[in-house]
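Subject: Structure for your use, with notes

Hello,

Here is the structure for you to look at. My notes on what was found in it follow below.

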Amino acid sequence: MNISAFLVYCAVMAITPGPNNLMCLYLGAKGGFRRFIRFFCGSMTGLFVKCALCGLLNVLLAEKIPVVVPYLKWLGALYMLYLAFGMVRSGLKKEEDETGGGEGTFRSGILLQVLNVKSWVAALSIFSVYVIPFTTAVSAIVLSAFTFTFFCAVASTLWCGFGTAIRKLYRRFRLPLSIIFALTLVYCAWSAVK
């Protein structure tokens with residue numbers, strides 16, 4: 001197994017923009033780490049379980065995923081559009097009118113990972129390219145799933161940190177920034193199904 005190539009792939013896939021990182025940026029801008037933490041825990045739990053399943057069931061998934069991916073893409077795109085709508089709706093509200101909102105919950109983090117095509121592709125690639133051809137040991141599969149999840153946790157925290165850094169700017173320009181954040185998710189949704 002080429003460990004350095006595996007680690008580089010994990011880092012690149014983790015840090016590049018995608019639905020999860022964009023949600024972390026938005027949640028950081030909207031409410032800082034406090035608003036982000038439940039979503040983060042759900043998202044990382046969902047990602048680790050997804051990666052472990054991709055590794056442990058790689059042969060089965062390699063045969064079945066091509067049938068499921070078109071549906072998964074559309075479901076993921078619809079969920080991203082739902083999140084984008086929530087972002088714009090949040091930008092229209094006065095800050096004191098806001099409640100906790102559904103986008104920063106543990107459940108929404110898990111749901112985003114279940115429907116996140118980017119992380120499905122990453123998880124399948126990790127195991128089909130970097131792990132399974134060299135070993136099918138359960139310990140290697142779990143360690144690889146943990147490693148990718150760790151990289152994603154660091155990247156998500158960085159994206160949230162950037163969102164937190166622009167929090168004052170977000171408060172001042174709530175609607176335009178909410179629209180920009182929403183448009184990035186709309187772009188992700190469009191690129192998922194094109």
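Phe6, Tyr9 and Tyr130 are joined into a cluster by ring pairs. Please keep in mind that this is a predicted model. In total there are nine aromatic pairs in the structure.

One of these nine pairs is formed by tyrosine 26 and tyrosine 170, with ring centres 6.4 Å apart and planes at 90°, so the pair is edge-to-face. Tyrosine 26 is in helix H2 (residues 19-56) and tyrosine 170 is in helix H7 (residues 167-172), so the pair ties together parts that are 144 residues apart in sequence. Tyrosine 26 and tyrosine 170 are both buried. Phenylalanine 150 and phenylalanine 151 also form an edge-to-face aromatic pair, at 6.3 Å centre to centre and 80° between the planes. Neither of these two phenylalanines counts as buried: phenylalanine 150 is partly exposed at a relative accessible area of 48%, and phenylalanine 151 is partly exposed at 24%.

Overall fold

The protein chain contains eight helices and zero strands, and along the sequence its pattern reads α-α-α-α-α-α-α-α. The chain has 194 residues, of which 48% count as buried. Of the contacts in the chain with a separation of 6 or more, 88% are between residues 24 or more positions apart.

Helix packing around H5

Two packed helices are described by the angle between their axes and the distance between the axes. Three packings of helix H5 are given here in those terms.

H1 with H5. Helix H1 (residues 3-15) packs with H5 at an angle of about 180°, and the axes are 11 Å apart. The two helices are therefore roughly antiparallel to each other. On the H1 side the contact is made by Ala5, Phe6, Tyr9, Cys10 and Met13, and on the H5 side by Lys118, Val121, Ala122, Ser125, Ile126 and Tyr130. By class, these residues divide into nine nonpolar, one polar and one charged. The members of the ring cluster, Phe6, Tyr9 and Tyr130, are among the residues of this contact.

H2 with H5. The axes of H2 and H5 come within 9 Å and cross at roughly 40°. That angle makes H2 oblique to H5, and the crossing is right-handed. In H2 the residues involved are Leu47, Lys50, Cys51, Cys54 and Gly55, which meet Ser119, Trp120, Ala123, Leu124 and Phe127 in H5. This contact has seven nonpolar, two polar and one charged residues.

H5 with H6. Helix H5 (residues 117-131) and helix H6 (residues 138-165) pack at about 135°, with 11 Å between their axes. H5 is therefore oblique to H6. The crossing of H5 past H6 is right-handed. From H5, Ala122, Ile126, Phe127 and Val131 take part, and they meet Ile141, Ser144, Ala145 and Phe148 of H6. Seven of the residues in this contact are nonpolar, one is polar and none is charged.

Some H5 residues recur in these lists. Ala122 and Ile126 appear in the contact with H1 and in the contact with H6. Phe127 appears in the contact with H2 and in the contact with H6.

Two positions in H6

Alanine 155 lies in helix H6. Is alanine 155 buried or exposed? Its relative accessible area is 3%, so alanine 155 is buried, the cut-off being under 20%. Leaving aside residues up to four places away in sequence, alanine 155 touches Ala14, Ile15 and Asn21. The C-alpha atom of alanine 155 is separated by 9.7 Å from that of valine 12, which is 143 residues away along the chain.

Threonine 164 is also in helix H6. With 27% relative accessibility, threonine 164 counts as partly exposed. Its contacts, again not counting residues up to four places away in sequence, are with Gly28, Ala29, Gly32 and Phe33. Threonine 164 and lysine 30 are 134 residues apart along the chain, while their C-alpha atoms are separated by 7.7 Å.

Regards

How values were computed
Residues are numbered from 1 along each chain as its sequence is written. This is a predicted model: local features need pLDDT of at least 70, side-chain atom pairs count only at pLDDT 80 or more; totals for chains, interfaces and linings use all residues. Side-chain values use heavy atoms; hydrogens and water are left out. Axes are lines fitted to C-alpha atoms, for helices over the stretch in contact, and angles run from 0 to 180 degrees between N-to-C directions. Helices (H or I, at least four residues) and strands (E, at least two) are DSSP runs, numbered from the N terminus. Angles under 35 degrees count as roughly parallel, over 145 as roughly antiparallel, 65 to 115 as roughly perpendicular and the rest as oblique. A crossing is left-handed if the near helix is turned anticlockwise from the far one by less than a right angle, and right-handed if clockwise. Contact means heavy atoms within 4.5 Å. Ala, Val, Leu, Ile, Met, Phe, Trp, Tyr, Cys and Pro count as nonpolar, Asp, Glu, Lys and Arg as charged, and the others, Gly among them, as polar. Rings of Phe, Tyr and Trp (its six-membered ring) pair if their centres lie within 6.5 Å; planes under 30 degrees apart count as stacked, over 60 as edge-to-face and the rest as tilted. Buried means under 20% relative accessible area, exposed over 50%, partly exposed in between (1.4 Å probe, protein chains only).
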